[in-house]
There are 2 protein chains.
Amino acid sequence: MLTCEILSIGDELLIGQVVNTNASYISEKLNSIGIDVTRVTTVGDDATVITKAIKRAWKEQNIVIATGGLGPTHDDISKNIVAKFFGKKLILHKQTLARVKARFASFGYKKMPEANIGQAMIPQGFTVLPNDRGTAPGLLYHFNRKTFIILPGVPHEMKFLMENSVIKLLRKIHKKKLGDVIAHRTLLTTGIGESMLAEKVGDVNNFLVGGATLAYLPKTSGVRMRISVRAKSEQIAKNIIEKIERHIRSRIGAHIYGMNDETLEGAVVALLRKRKERIAAAESCTGGMLSMRITNVPGASEIFPGGVVSYSNDIKMQELGVSEATLHTYGAVSEECAIAMAESALKKFGTTYAIAITGIAGPDGGTSERPVGTVWIALADSYGTTTKLFHFGGERAIIRERSSDAALDMLRKKLI
Amino acid sequence: MLTCEILSIGDELLIGQVVNTNASYISEKLNSIGIDVTRVTTVGDDATVITKAIKRAWKEQNIVIATGGLGPTHDDISKNIVAKFFGKKLILHKQTLARVKARFASFGYKKMPEANIGQAMIPQGFTVLPNDRGTAPGLLYHFNRKTFIILPGVPHEMKFLMENSVIKLLRKIHKKKLGDVIAHRTLLTTGIGESMLAEKVGDVNNFLVGGATLAYLPKTSGVRMRISVRAKSEQIAKNIIEKIERHIRSRIGAHIYGMNDETLEGAVVALLRKRKERIAAAESCTGGMLSMRITNVPGASEIFPGGVVSYSNDIKMQELGVSEATLHTYGAVSEECAIAMAESALKKFGTTYAIAITGIAGPDGGTSERPVGTVWIALADSYGTTTKLFHFGGERAIIRERSSDAALDMLRKKLI
């Protein structure tokens, strides 16, 4: 099996200013052709540290893909380091020089800055990977059945080179040694914790067939369950994954709202569109988040005419007809208030359903009876109103996110 | 100078499923107390590979911070590997068990799942870092002037531990060896492009004193300008940064809405609170995002009674009194409609200001006259209403984000 290391170069990655999205992208692309990324190493713009990292990766892996430090300014040192490490001289690559010059001309510059000539200097024996999105080409060196590649760190340039050169060349060079297909499917759940899920799903040894693995990935909004498998073909991998998925769904199907990149709001909007039904929102502590999430989904206008954000008690009374008595007797964070908000929104917007959320997101406003994180959600339709009380942990932003998750999931469960 | 390696553990980071945001966050925190991150290594859930990575990091660095693999399920293997590497037995930590049980109880579970007992097993001699945000505690081991730390991979849990334990402990343990202070200050701008900003600010050589650097970091919401400097003390670093900041502010002050972690909505809420004024929102294409952003800020209830999401034309008429004639003659995405929405919201909510947003977020709904990205924003107060037309690029989510940015910035400029 082929192993690969990604070597990300750049100070900005080490001081927390920039998140390393390149490594994720490259990993995904390599996985899709059966190459395993065994390690991602990130280092700053320091010649000694970079050289050491290249040396180690080249020794241990079949393929090394480095990114960053190919630009025209003084802090771009990667190419010189790579040339030195492989004992190659830098020589002028005429087609690249012509390409860089043409690029400057196309932007209306009469003359290319001196600094950019350096970008056409290529280590002898390296293959040039033409970059249509910028001035620095990618470089590939194949020796002793191993491949070293270096790409610019600018994400859209790196992506262009991965798609147009790297994947094709790796497929060709390592044809005989490319591993099995590596396939993944992620089932998305919400409203149930990791250990509860694992308990309900049961011992993995009883259902993980074909060498597949199952990983639990918790996020604020819920736990994702990723099934991964290696197989001779995509079809075989798919069959194995679907068999495992069937088992999991038989145990916890109701908690699964989607797969892979799908969202909870996307699932809800799709269900409503299919049923030709509509929803309205009446929000207090989430302050518009539920409406915003629903309208994130293209085509939401079919199923969502609108909502009210009633953040103050006055607006709860004026816009949603919550009575002063209700607010006085039970408070704004109460089942009674949630019901009044939902039922009033149902009438006001003339929808099939209306959801109301009222709670204490914090940091202030909590009491011993109703601590921060107390949230009432009401879901109304023409048959009546159901309510649910939640006690969410976490900070303000997380409580708001979980509240809108819970509201969407209440509606989803009603629709399925 | 102290060196540190971050060791990110998890298959999800190697298959492109999750972007490694934890490493960026940890780097930034360590930088702020003068600790340099020299390398970030990312490996999958493989015992051999993890052990090798720990061994190398422990040999070469003063401080190692690992994240991930501390959960309760079968694929969480980090703790056992760490215990084995350091030759420690796992022993039951009673306070942690009590804490985990209490956590389940607080969520209304009668019984803690069996799997969670494992989370209270701690390698002998390790310090437990209590985790108020989840069930897995952080762990710290100090030996031979070196420190090894492992934290859960769930971002908000990791952040809680970094802020409440790790930074304080590292400051204490390594007090004498902490290097020069590395200080950064980021000035946040919106509504103006990178090259425009650079032109207005002028040649950096004229104002960058004390070895400081200035980096321009463009984001969807605007360009951030990061000033960085190393100095003997926080006070010296602060003086240098403030001198540079004064120059920058003298040139482009009106475009700067905040610093570092501040947000545009935070700046607007602070200004309104100071002036004892209130705002209401009437949203179409942003679907609640403006209200949501305002209510993200703790204390927003003082300045925000509520808003209307009028996604459909019916609701624009019914709830905001937009006339059928306006919709028929000018359409929903028009200056006239934006004005009607804002002025109606001003009356309805009785606030000092009201903002209305109406536009085409796409992907559908664009015409040659009004392409996707066309957005009208109106800002009303008792003196009248000002409007602005925008043509935003990008996809649906970006157009919505930029629309709410522009609305907040219109209000901010009105308030300063």
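**Exercise 1. Are B:Phe126 and B:Tyr141 buried or exposed? Describe the ring pair that these residues form.**

Solution. The structure under study is a predicted model.

Step 1. B:Phe126 and B:Tyr141 are both buried.

Step 2. The two rings form an aromatic pair, with 4.7 Å from centre to centre and 10° between the planes. Planes under 30 degrees apart count as stacked, and the pair of B:Phe126 and B:Tyr141 is accordingly stacked.

Step 3. B:Phe126 belongs to the loop between β5 (121-123) and β6 (127-129) of chain B, while B:Tyr141 belongs to strand β7 (residues 138-143) of chain B; the pair therefore ties together parts that are 15 residues apart in sequence.

**Exercise 2. Classify the ring pair of A:Trp58 and A:Phe148, and place the two residues in chain A.**

Solution.

Step 1. Over all chains, the search of the whole structure finds 21 aromatic pairs.

Step 2. For A:Trp58 and A:Phe148, the ring centres lie 6.4 Å apart and the planes make an angle of 75°, so the pair is edge-to-face.

Step 3. A:Trp58 is in helix α3 (residues 47-60) and A:Phe148 in strand β8 (residues 146-151), both of chain A; the pair thus links distant parts of the chain, 90 residues apart.

Step 4. A:Trp58 and A:Phe148 are both buried. Ring pairs also link these two residues into a cluster with A:Phe85, A:Phe86, A:Phe126, A:Tyr141 and A:Phe143.

Step 5. Charged side chains are found over rings as well. A:Lys159 lies over the face of A:Tyr25, 5.2 Å from the ring centre. In chain B, the charged end of B:Lys146 sits over the ring of B:Trp58, at 6.0 Å from its centre.

**Exercise 3. Trace the open sheet of 10 strands and identify helices that pack on its chain A strands.**

Solution.

Step 1. The strand order is β17(A)-β16(A)-β15(A)-β13(A)-β14(A)-β14(B)-β13(B)-β15(B)-β16(B)-β17(B), and the pairing is mixed.

Step 2. The edge strands are β17 (384-391) of chain A and β17 (384-391) of chain B, each of which pairs on one side only.

Step 3. On average, and with direction ignored, neighbouring strands of the sheet are turned by 15° against each other.

Step 4. In chain B, strands β15 (residues 353-359) and β16 (residues 374-381) run antiparallel and are joined by seven bridges. B:Thr358 has B:Trp376 as its bridge partner in β16(B).

Step 5. In chain A, helix α11 (residues 313-320) lies across β13 (279-283), β14 (306-310) and β15 (353-359), and runs at about 145° to β14(A). Helix α13 (residues 335-349) of chain A touches β13, β14, β15, β16 (374-381) and β17 of that chain, its direction making about 145° with that of β15(A).

**Exercise 4. Which parts of chain A does the salt bridge between A:Lys414 and A:Asp381 tie together? Find a salt bridge that crosses between chains.**

Solution.

Step 1. There are 38 salt bridges over all chains. In one of them, the side chains of A:Lys414 and A:Asp381 meet at 3.4 Å, N to O.

Step 2. A:Lys414 lies in helix α14 (residues 396-415) and A:Asp381 in strand β16 of chain A, so the pair ties together parts 33 residues apart in sequence.

Step 3. A:Lys414 is partly exposed, with a relative accessible area of 36%, whereas A:Asp381 counts as buried at 11% relative accessibility.

Step 4. A:Glu395 and B:Arg133 form a salt bridge whose closest N and O atoms are 3.6 Å apart. This pair crosses from the loop between β17 and α14 of chain A to the loop between β6 and β7 of chain B.

Key. Residues numbered from 1 in each chain as written. Chains lettered and ligands numbered in written order. Predicted model: local features only at pLDDT ≥ 70, side-chain atom pairs only at ≥ 80, totals over all residues. Heavy atoms only, no water. Phe/Tyr/Trp six-rings, centres within 6.5 Å; stacked < 30°, edge-to-face > 60°. Helix = DSSP H or I, 4+ residues; strand = E, 2+ residues; numbered from the N terminus. Buried < 20%, exposed > 50% of the residue type's maximum accessible area, 1.4 Å probe, protein only. Lys NZ or Arg CZ within 6 Å of the ring centre and 35° of its normal. Pairing = 2+ DSSP bridges. Axes fitted to C-alpha atoms, helices over the stretch in contact; angles between N-to-C directions. Contact = heavy atoms within 4.5 Å. Salt bridge = Lys/Arg side-chain N within 4 Å of Asp/Glu carboxyl O.
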